[in-house]
Structure formats: structure tokens, C-alpha cells
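In these notebook entries I record what I looked up in one structure. I began with enclosed empty space and then turned to a bound ligand.

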Amino acid sequence: MLASLFNRRSVQTKSLAVDAYYEQTLLNDVALSEALTHAHKHSRDNGLPNIAVSPLQGKFLQQLVQISGTERILEVGTLGGYSAIWLASALPASGKLITLEIDPDSANVAKENLAHANLSDKVDVIIGAALESLATLKAESVPPFDFVFIDADKVNNANYLQHACDMTSANAIIIVDNVVRGGEVTNAESTDESIIGTRAVADYVSKHENLSATVLQTVGNKGYDGFMLIRKHA
Ligand code: SAH
Ligand code: DHB
Ligand code: MG
């Protein structure tokens with residue numbers, strides 16, 4: 001019993017079946033599912049890497065946006081707009097998602113995918129290195145964001161978190177993707193700059209009293225990884 005529970009191969013295999021089962025039973029928005037399937041195919045047809053959030057993870061983000069009543073979302077790392085579709089689908093008519101992407105080809109695929117999903121009006125895709133785009137947005141004094149999804153180059157994770165803290169409302173939610181990386185995050189000696197950047201996020205949170213955070217480890221069709229959920233407070 002315990003042996004099978006902790007048999008890595010068995011958990012991996014079963015987690016794919018569990019993803020498939022819950023995708024079939026819980027993802028029942030027909031129009032949104034069509035838009036997401038199209039986005040996935042159009043991204044693949046244009047050679048984008050298969051590293052978007054999973055369907056159930058996308059719905060997890062959508063649910064958080066809906067629960068929190070978020071009106072303004074910032075996303076760092078657009079790729080083909082798959083997570084952006086989930087996030088923007090949760091916004092009210094007056095809501096806005098600003099998403100940052102360094103690769104112009106990916107950004108164009110994202111714009112096409114968002115248009116197909118009828119979400120273009122709610123989403124601005126900004127092309128450029130995110131640190132530069134964030135500095136520009138700051139200089140333009142954009143209204144504060146309520147929700148931030150950080151999912152780009154992990155080496156800059158702590159820099160993105162710092163900007164996110166500066167550019168959000170008092171009780172904002174900040175999600176950081178890929179904070180587990182098959183468990184490699186516990187390696188304090190790692191020379192992988194993605195691991196160093198992600199450990200810097202935990203360090204940043206631990207040094208700021210107005211931030212409270214937890215980590216949800218995940219398995220499934222993204223392998224063994226996880227989200228950090230950070231809450232800003234007084
Ligand atoms: N959030 C997406 C996946 C993003 S993958 C989804 O779940 O659907 C990470 C993306 O970050 C890639 O498209 C990559 O081009 C982008 N990226 C990498 N470095 C960046 C940088 N410095 N500024 C902005 N985007 C960057
Ligand atoms: C990678 C990046 C991601 O944002 C992700 O969710 C999975 C993988 C990567 O760069 O390998
Ligand atoms: Mg990611």
C-alpha cells in the first residue's frame with residue numbers, strides 16, 4: 001500500500017489518468033473549451049513549446065480570479081495566450097489583463113488565440129523584455145493590479161515579484177508558477193539560474209512582513225511542479 005503510494009512511476013501514470021478524468025468531468029464550458037483547444041493547436045502548429053499551464057491548472061487560476069473579484073490582472077510570460085484565455089475569461093466586462101511577452105512570434109500567436117476566444121478587448125499583449133515593459137507601465141502610472149501571474153524567465157522571478165508588489169492593490173494575489181521543478185528547488189547549491197531565481201522568491205517573501213505565502217505542489221500532465229500563492233496584506 002505505502003510502497004505503491006510512493007512509487008514515483010505509479011503516481012506519474014495515475015496522475016495523467018486523474019487529469020483526464022477531471023478534465024472530462026469538470027471542464028464543461030463548451031465555448032471556452034473550444035477556444036482553449038484552438039489555442040493549444042494553433043500554438044503547436046506555430047512551433048511554440050508545450051509548456052503552458054494544464055487545463056485544470058488554468059481553471060484553478062480562473063477560479064482564483066473569480067473568487068477574488070479581480071478586475072485588473074498582470075501576467076508575466078504570455079507564450080501563446082493559453083493561461084491568458086483562462087485568466088481573461090474570469091474578468092467582468094470592465095476588467096483588463098495586461099500580459100508581457102519577449103518573443104514577438106509567440107505574442108502574435110497569443111493575439112490570434114485571444115481574438116479567436118473573443119477576448120481581444122479585455123487583453124493587451126505587450127511585446128518586450130518584461131522588466132522593461134514593467135518599468136514603462138510604472139512610468140505611465142497604470143492603475144494597480146489585483147492579481148499577478150508570474151510565469152516567464154525564472155531567473156528574474158524575484159525582480160518580477162518586487163515589481164508586482166509595487167504595482168498591486170492592498171490585498172492583491174500573486175501566483176508564481178514552476179516553484180517545485182521536480183523537487184530541485186530544495187537544492188541550495190544548484191547552479192541552475194531558474195532554481196536560484198525561484199529560491200530568491202521564497203527569500204523575498206520571508207523578508208517582507210506584508211507578504212504571506214504558501215506552495216501547492218502539483219502532479220499531472222505538467223510533471224511534478226507547483227504554484228506559490230502570495231497574498232499582500234497590511
Ligand atoms: N503563461 C503561459 C506560459 C508562459 S511560458 C501559459 O501558461 O500559457 C514562458 C514565456 O515567458 C515564454 O513565452 C517566454 O518567451 C517568455 N519570456 C521569457 N523571458 C521573458 C522576458 N524576459 N520577458 C518577457 N517574457 C519572457
Ligand atoms: C518551462 C517553463 C514554464 O513556465 C513551465 O510552466 C514549464 C516549463 C520551461 O522553461 O521549461
Ligand atoms: Mg509555467
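Entry 1, the cavity. I worked with a predicted model. I searched for cavities of 30 Å³ or more, and the structure holds one. I then looked up the space in the largest cavity, which is about 50 Å³. Rolling a probe the size of a water molecule over the atoms shows where empty space is left.

Entry 2, the lining. I listed the residues that line the largest cavity: Gln57, Asp177, Asn178, Thr218, Lys222, Asp225, Gly226 and Phe227. I asked which element gives the largest share of this lining. Strand β7, residues 225–232, does, with three residues. Sorted by class, the lining has four polar, three charged and one nonpolar residue.

Entry 3, the ligand. I next noted the residues around ligand 2, which are Ile51, Asp151, Lys154, Asp177, Asn178, Arg181 and Lys222. By class, five residues of this shell are charged, one is polar and one is nonpolar. I noted that Asp177, Asn178 and Lys222 appear in the cavity lining and also around ligand 2.

Entry 4, polar contacts. How far from an oxygen atom of ligand 2 is an N or O atom in the side chain of Asn178? I found 2.8 Å. For the side chain of Lys154, the distance from an N or O atom to an oxygen atom of ligand 2 is 3.0 Å. A polar side-chain atom of Asp177 is 3.2 Å from an oxygen atom of ligand 2. I finally looked up the cover: ligand 2 taken alone exposes 290 Å², and the protein buries 66% of that.

Technical notes: Residues are numbered from 1 along each chain as its sequence is written. Chains are lettered from A and ligands numbered from 1 in the order in which they are written. This is a predicted model: local features need pLDDT of at least 70, side-chain atom pairs count only at pLDDT 80 or more; totals for chains, interfaces and linings use all residues. Side-chain values use heavy atoms; hydrogens and water are left out. On a 1 Å grid over the protein atoms alone, a cavity is a set of points where a 1.4 Å probe fits but cannot get out, and a pocket is an open set with protein on both sides within 12 Å along at least five of seven lines; lining residues have an atom within 4 Å of a point. Grid points are joined across faces, edges and corners, and a volume is the space filled by probe spheres set on the points. Helices (H or I, at least four residues) and strands (E, at least two) are DSSP runs, numbered from the N terminus. Ala, Val, Leu, Ile, Met, Phe, Trp, Tyr, Cys and Pro count as nonpolar, Asp, Glu, Lys and Arg as charged, and the others, Gly among them, as polar. A residue is near a molecule or strand if one of its heavy atoms lies within 4 Å of it. A polar contact is a pair of N or O atoms within 3.5 Å; within protein, one must be able to donate a hydrogen and the other to accept it, and residues adjacent in sequence count only if both atoms are side-chain atoms. Accessible areas come from the Shrake-Rupley method with a 1.4 Å probe; for residues, only the protein chains shown count as cover.
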